[in-house]
Amino acid sequence: MDELGTDAVNPLRDPADRRLPRVPQPCALVIFGIGGDLSRKKLVAAVYDLANRGLLPTDFVLVGFSRADWPDGGTFEKMSRLAAKEHCRTTWNEEVWKRLASNTRFVEGSFDDDAAFDKLVETMADLRDSHGIRGNAAFYLSVPPSMFPVVLKQMERTGLSDAKKAGGWRRVVVEKPFGHDLPSALELNRIVDTVFPARDVYRIDHYLGKETVQNLLALRFANQLFEPVWNANFVDSVQITMAEDVGIGGRAAFYQATGAARDVLQNHLLQLLALTAMEEPVEFSPEAVRIEKIKALRAISLPPDLEHYAIRGQYDQGWLAGERAVAFRSEKGIPEDSNTETYAAVRLGVETRRWAGVPFYMRTGKRLPKRVTEIGVLFKKAPHLPFSKTDTQELGHNQLVIRVQPDEGVTLKFGSKVPGSAMEVRDVAMDFLYGEAFTESSPEAYERLILDVLVGDATLFPRSEEVEASWRVIDPLEEFWAGQAPHLYRAGEWGPKEADQMLARDGRQWRRP
């Protein structure tokens, strides 16, 4: 048997080969604020699930940094194990957890504590020798937005952000919100860019890690069926909805200062709009996808009549799932005269040849009847119907609905004849459900995004230009709403009546998820 030459290529070493999972290089993931809600409920569990699926290298280290004042007290080991076991998606495996726990470290301190950060530097140096991480590290800022500059400056002071000094790669993950308006976003981007090169900054929007959001790209660009009708010649309107049935929970201080538009419209929904409206990228690479998303975001136009096409709402007391729900102004920590919105709806345009004249209706709210996120593409009605009016009175618009959560999948609605002797046409639906079509369950968004950070894939992470373009849409809305009281709606209803009137003026209505 001939020996392989030195130039022979092993096909299993092809990075594009799907038979091998993507596994990062030996590295560390440092989570600042590991005692917070996000870390305990999402991040630690996501790391465990990645380990359980065999997607982390043997020489992987999890480093936690925070004050040791988490709700249940106890040691870091106890807190992290409880968090992982309670919130993990995959089956609990004690052996996997023991291996992960043996490669876990904790540094106690506050973000303005120089000594604590010096200790973190020592810990990273020790891990480089003991675990062979070669200086590779990702730093996850699971901290309040006001703490971003503090942590970044500490990393700059201690050299933690210096990849050359570390002898490996260094990346930083910044949680949303990315500022509270355009000037603050520009300042935050300036600070981040002085500490880390732009290629090493990962602004995380967990919605982009959801399988159904990524499937939107596959649906559009891997199929000949949809793209020819994905334009103003055939599309009547697009509706993007993110509804929550819960209130503000323990986030009173954050929500009072932020509101629904800054919390959801600026990031989640505008990103979904960009993915829906963008042109086909020349290749599926981070830079090519980002270029098309930025072009779509920069093409967004606001309605000239903001009074009637930009609606704010605030939930009042009501009933939800058979339980009494208090008004927003009665929530703990919320002022009795608060004008913060818990609901926002707006009509936007996308001024490109593809979408000129097509309205994009966006809405988000809390204390709505159900938890759902979806993108509804409503097509124009047939220009001529040979049937009588009574035959088609129950026929609506053809619709393609991408369900992001909770029942991930796609629904196609179209007209079909009702069985019987008479010609009667009504809407029917074809459903694709992820849970039924695939044997493997969808990973949590944070699993995918953390893995992408560790392997250096920035496709699903908004860049600074996208953030700034989004704020250029939201800032005029916030300026118009300033000082105005939001419209009230009862908990358990689909928002204020003014939002329904907004579509009624255009001869349309919200689809019911």
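A search of the whole structure finds zero disulfides, a disulfide being a pair of cysteine sulfur atoms within 2.5 Å. In general terms, such a link is a covalent bond between the sulfur atoms of two cysteines. Two cysteines can be placed nonetheless. Cysteine 27 has 0% relative accessibility and therefore counts as buried, and cysteine 88 is also buried, with a relative accessible area of 17%. Here buried means under 20% relative accessible area, exposed over 50% and partly exposed in between, with a 1.4 Å probe and protein chains only.

The model is a predicted one, in which local features need pLDDT of at least 70 and side-chain atom pairs count only at pLDDT 80 or more, while totals for chains, interfaces and linings use all residues. Residues are numbered from 1 along each chain as its sequence is written, and side-chain values use heavy atoms, with hydrogens and water left out.

A good place to start a tour is the open sheet, whose six strands follow the order β3-β2-β1-β4-β5-β6 with parallel pairing. Strands (E, at least two residues) and helices (H or I, at least four) are DSSP runs numbered from the N terminus, and two strands pair if DSSP finds at least two bridges between them. The edges are held by β3 (104-108) and β6 (201-204); each has a single partner strand, so one side of each lacks a neighbour in the sheet. On average, neighbouring strands are turned by 20° against each other, direction ignored. Axes are lines fitted to C-alpha atoms, for helices over the stretch in contact, and angles run from 0 to 180 degrees between N-to-C directions.

Strand β1 is mostly covered, with six of its six residues buried. Cys27, Leu29 and Ile31 point one way from β1, and Ala28, Val30 and Phe32 point the other way. Six bridges join β1 to the parallel strand β2, where phenylalanine 65 is the bridge partner of phenylalanine 32. With β4 (residues 137-141), β1 pairs in the parallel sense over five bridges. There, phenylalanine 32 is partnered by leucine 141 and valine 30 by phenylalanine 139.

Helix α13 (residues 445-455) is largely enclosed by the rest of the structure, because nine of its eleven residues are buried. Among these buried residues are Tyr446, Glu447 and Asp452. The buried residues of α13 pack against β1, α1 (37-52), β2 (60-66), β4, β5 and β6, contact meaning heavy atoms within 4.5 Å. Just after α13, glycine 456 takes a positive phi of about 85°.
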